[in-house]
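Student: I have a model open beside its sequence, and I would like to work through it with you step by step. Where should we begin?

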Amino acid sequence: TYQKVAEAAEAALDSYLIKPFSANTLFERLKEARQRKRVLKDIFDAMDAKQFELAAQLCLNRFYEKQLYWLYAARIGAEILLILKRNEEAKVLFDAVIESKAVPWARLGVARVQLADGEIVQARRTLESLIGDLPTYADSYDVMGKVQMEQGNIDEALNTYRTAANITPGCILRLQHCGTLSFYGGDNAMAIQMLERTWAMGNKSRLFDVLSMMLLAFLRYGTGDTKGLDMSLEVLQRFAST
């Protein structure tokens with residue numbers, strides 16, 4: 001289903017197959033995935049054990065020594081380094097990925113580093129360039145919204161999040177984000193629309209945030225929608241009992 005595909009994408013998958021595909025193609029892809037996991041086992045083990053400093057160092061070693069899967073290690077390492085706030089080292093890896101032509105993800109990574117370093121204006125310029133080149137790359141709008149929030153441009157941020165939600169209408173997380181920001185921005189009609197869509201699509205998804213239903217309950221109370229409010233309370237009670 002579309003929902004399952006959207007959830008897989010939000011879980012940061014790194015590859016996919018387009019139907020129709022042959023048994024041989026599937027076999028080769030699975031063999032490659034198993035090989036990569038074996039080769040990078042020390043990195044994955046360190047991540048599973050939450051030893052992120054060790055995982056980052058292993059990624060850096062593989063990257064600088066140009067060992068097998070060094071570019072894949074650079075992608076993993078860049079994300080870990082960003083979490084560890086080792087932003088300059090993360091930027092080196094993101095730049096390397098850009099040079100390898102895996103451009104959109106890495107350019108977005110540079111913008112995330114700039115945002116983490118407080119370089120708000122530079123981050124915005126990077127994102128404006130990326131969005132100009134790839135206007136349907138939804139992830140860039142997520143970061144642009146954060147930049148606009150940092151700059152205090154709430155209306156701009158809301159429009160940006162709406163654009164992201166429109167590009168990926170099946171993305172539960174973006175619908176929730178847009179609905180939440182609409183609520184706090186005072187656009188109750190848009191908030192109701194987005195949060196109701198979120199519930200309709202995501203009521204069986206692990207990605208649904210119960211706080212979305214809490215906001216929807218407030219909105220329904222404000223509009224006198226007693227039937228909708230009763231439904232919201234029923235859902236909240238169900239969440240509370242699990």
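Student: How many helices and how many strands does the protein have?

Tutor: This is a predicted model, and the overall make-up is a sensible place to start. Read along the sequence, the pattern is α-α-α-α-α-α-α-α-α-α-α-α-α-α. The count for the protein is therefore 14 helices and 0 strands.

Student: Is Arg-124 buried or exposed?

Tutor: Arg-124 is found in helix 8, which covers residues 120–133, and its contacts beyond four places in sequence include Met-144, Val-147 and Glu-156. Its relative accessibility is 17%, and the cut-off for a buried residue is under 20%. Arg-124 therefore counts as buried.

Student: Which residue is joined to Arg-107 by a polar contact between side chains?

Tutor: Arg-107 lies in helix 7, residues 103–116, and with a relative accessible area of 17% it is buried. Leaving aside neighbours within four places in sequence, Arg-107 is in contact with Ile-98, Thr-126, Ser-129, Leu-130 and Asp-133. Among these contacts, the side-chain polar contact of 3.1 Å is made with Ser-129.

Student: What percentage of the residues in the protein is buried?

Tutor: The two arginines we discussed, Arg-124 and Arg-107, both belong to the buried group, and the protein as a whole exposes about 14000 Å², of which carbon and sulfur atoms supply 56%. Of the 242 residues in the protein, the buried ones make up 39%.

Definitions and conventions: Residues numbered from 1 in each chain as written. Predicted model: local features only at pLDDT ≥ 70, side-chain atom pairs only at ≥ 80, totals over all residues. Heavy atoms only, no water. Helix = DSSP H or I, 4+ residues; strand = E, 2+ residues; numbered from the N terminus. Buried < 20%, exposed > 50% of the residue type's maximum accessible area, 1.4 Å probe, protein only. Contact = heavy atoms within 4.5 Å. Polar contact = N/O pair within 3.5 Å; in protein donor to acceptor, adjacent residues only side chain to side chain. Areas by Shrake-Rupley, 256 points an atom, 1.4 Å probe, with all protein chains shown as cover.
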